[in-house]
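Morning, everyone. Two topics today: a DNA contact surface and a metal site. Let me put the structure up.

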There are 2 protein chains.
Amino acid sequence: MTGTVGGRRRRQRSTRQGGLVRDQLAAGEGFRSAQTVFAELRAKGEEVGLSTVYRHLQVLADEGQADTLQTGDGEALYRLCGTDGKHHHHLVCRNCGRTVEIEGRGVERWASQLAEEHGFSDVNHTIELLGLCSDCSQTRPRD
Amino acid sequence: MTGTVGGRRRRQRSTRQGGLVRDQLAAGEGFRSAQTVFAELRAKGEEVGLSTVYRHLQVLADEGQADTLQTGDGEALYRLCGTDGKHHHHLVCRNCGRTVEIEGRGVERWASQLAEEHGFSDVNHTIELLGLCSDCSQTRPRD
DNA sequence: TACTCTGTTGGTAATCATTATCAGGCCGGT
DNA sequence: ACCGGCCTGATAATGATTACCAACAGAGTA
Ligand SMILES: [Zn+2]
Ligand SMILES: [Zn+2]
Ligand SMILES: [Zn+2]
Ligand SMILES: [Zn+2]
């Protein structure tokens with residue numbers, strides 16, 4: 001039998017492209033889209049296919065190595081995350097993308113309590129804070 | 001000069017289609033997509049164009065009469081809301097769409113305090129709770 | 001009521017992100 | 001080196017949303 005066949009996902013084969021995507025994602029600061037990562041890699045002269053970028057970002061997300069969020073116009077953004085799968089949220093600068101990881105113990109409690117209160121079960125939540133970081137709010141005092 | 005020209009938006013002309021979309025949205029319980037509302041109207045034999053449905057849902061959202069949220073796969077959902085533009089969130093059943101309006105005083109405070117703490121300004125937040133309502137969790141104990 | 005001025009409508013084409021396909025290439029174990 | 005199967009990536013397909021724009025219909029006005 002080859003590798004992990006028992007009950008878990010078949011071991012992910014390590015490839016050049018997989019490394020490229022992960023590295024490129026790690027290189028940047030904030031959340032970025034698959035299209036962006038693809039463009040960045042191509043700009044660096046790396047040879048990767050768009051499909052492959054999508055695939056690896058998806059894998060990273062599934063593995064809990066990357067966090068995702070949706071822009072208002074339905075575009076998925078990814079970001080490599082250091083918290084190793086632990087549940088958390090983000091405070092993101094809508095201008096430069098700088099991101100602060102948030103661990104809101106209280107909010108989690110609030111959410112689950114509220115759910116129970118209304119008879120809901122199996123509830124998960126989406127919480128994202130989007131604003132301007134200190135640097136960016138100085139640079140552009142108003143729109 | 002005709003109608004409201006001063007400083008506000010030119011008066012919205014009242015049309016048959018506008019009423020249809022609003023009514024159809026009001027008829028349902030939970031959040032629905034533009035495509036769905038369009039299909040429902042057509043199923044009832046009403047003559048409306050897809051573009052028009054999109055337009056009116058957008059208008060309702062802009063006016064604060066309807067709330068919106070994004071499904072995981074980038075589809076916008078709309079729901080007519082009674083809270084008259086007051087800021088709030090939702091606890092939605094992912095199965096039947098039943099929705100409970102949430103007014104989380106504490107969470108609002110938490111969010112703004114957290115933002116300030118990290119030097120962020122002009123912060124808005126997205127909070128959605130998605131689960132199974134009591135009825136649906138009984139009906140389908142597991143997937 | 002007839003007329004005119006605009007905002008509105010809606011079929012269709014265009015966008016655009018994401019996914020499905022699938023033949024050919026590469027990884028890993030033997 | 002050999003093989004079987006996962007991985008890759010160009011391309012087509014999908015699906016929601018938007019752009020277009022000529023025909024249409026509210027709402028004042030005479
Ligand atoms: Zn994170
Ligand atoms: Zn910033
Ligand atoms: Zn609401
Ligand atoms: Zn339900």
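By class, how many nonpolar, polar and charged residues does the surface near DNA strand D have? Three are nonpolar, 10 are polar and eight are charged. Keep in mind that this is a predicted model.

So who sits there? In total, 21 residues surround DNA strand D. The closest are Arg13(A), Thr15(A), Arg55(A), Tyr54(B) and Ala76(B). Of the strand D atoms that come within 4 Å of the protein, 59% belong to sugar and phosphate.

Now the helices. Three of them each give at least two residues to this surface: α1 (16-27) and α3 (50-63) of chain A, and α3 (50-63) of chain B. The largest share, four residues, is from α3(A).

Next, individual contacts. A polar side-chain atom of Arg55(A) is 2.6 Å from a base nitrogen of DNA strand D. The side chain of Arg13(B) places an N or O atom 3.3 Å from a base nitrogen of that strand. For Gln17(A), the partner is a sugar or linking oxygen, and the distance is 3.0 Å.

On to the metal. The zinc ion (ligand 2) has these protein donors: the SG atoms of Cys93(A), Cys96(A), Cys133(A) and Cys136(A), at 2.2 to 2.4 Å. Their spacing in sequence is C-x2-C-x36-C-x2-C. Cys96(A), in the loop between β4 (89-93) and β5 (99-102), and Cys133(A), in the loop between β6 (121-132) and α5 (134-139), link distant parts of chain A, 37 residues apart.

Why tetrahedral? Because the four donor atoms subtend angles of 101 to 114° around the zinc ion.

Buried or exposed? Cys133(A) is buried, at 0% relative accessibility. Cys96(A) is partly exposed, at 41%.

Notes. Residues numbered from 1 in each chain as written. Chains lettered and ligands numbered in written order. Predicted model: local features only at pLDDT ≥ 70, side-chain atom pairs only at ≥ 80, totals over all residues. Heavy atoms only, no water. Donors = N, O, S within 2.8 Å, 3.2 Å for Na, K, Ca; no water. Tetrahedral: all angles 85-135°; square planar, octahedral: opposite > 155°, others 65-115°. Buried < 20%, exposed > 50% of the residue type's maximum accessible area, 1.4 Å probe, protein only. Near = heavy atom within 4 Å. Polar contact = N/O pair within 3.5 Å; in protein donor to acceptor, adjacent residues only side chain to side chain. Nonpolar A, V, L, I, M, F, W, Y, C, P; charged D, E, K, R; others polar.
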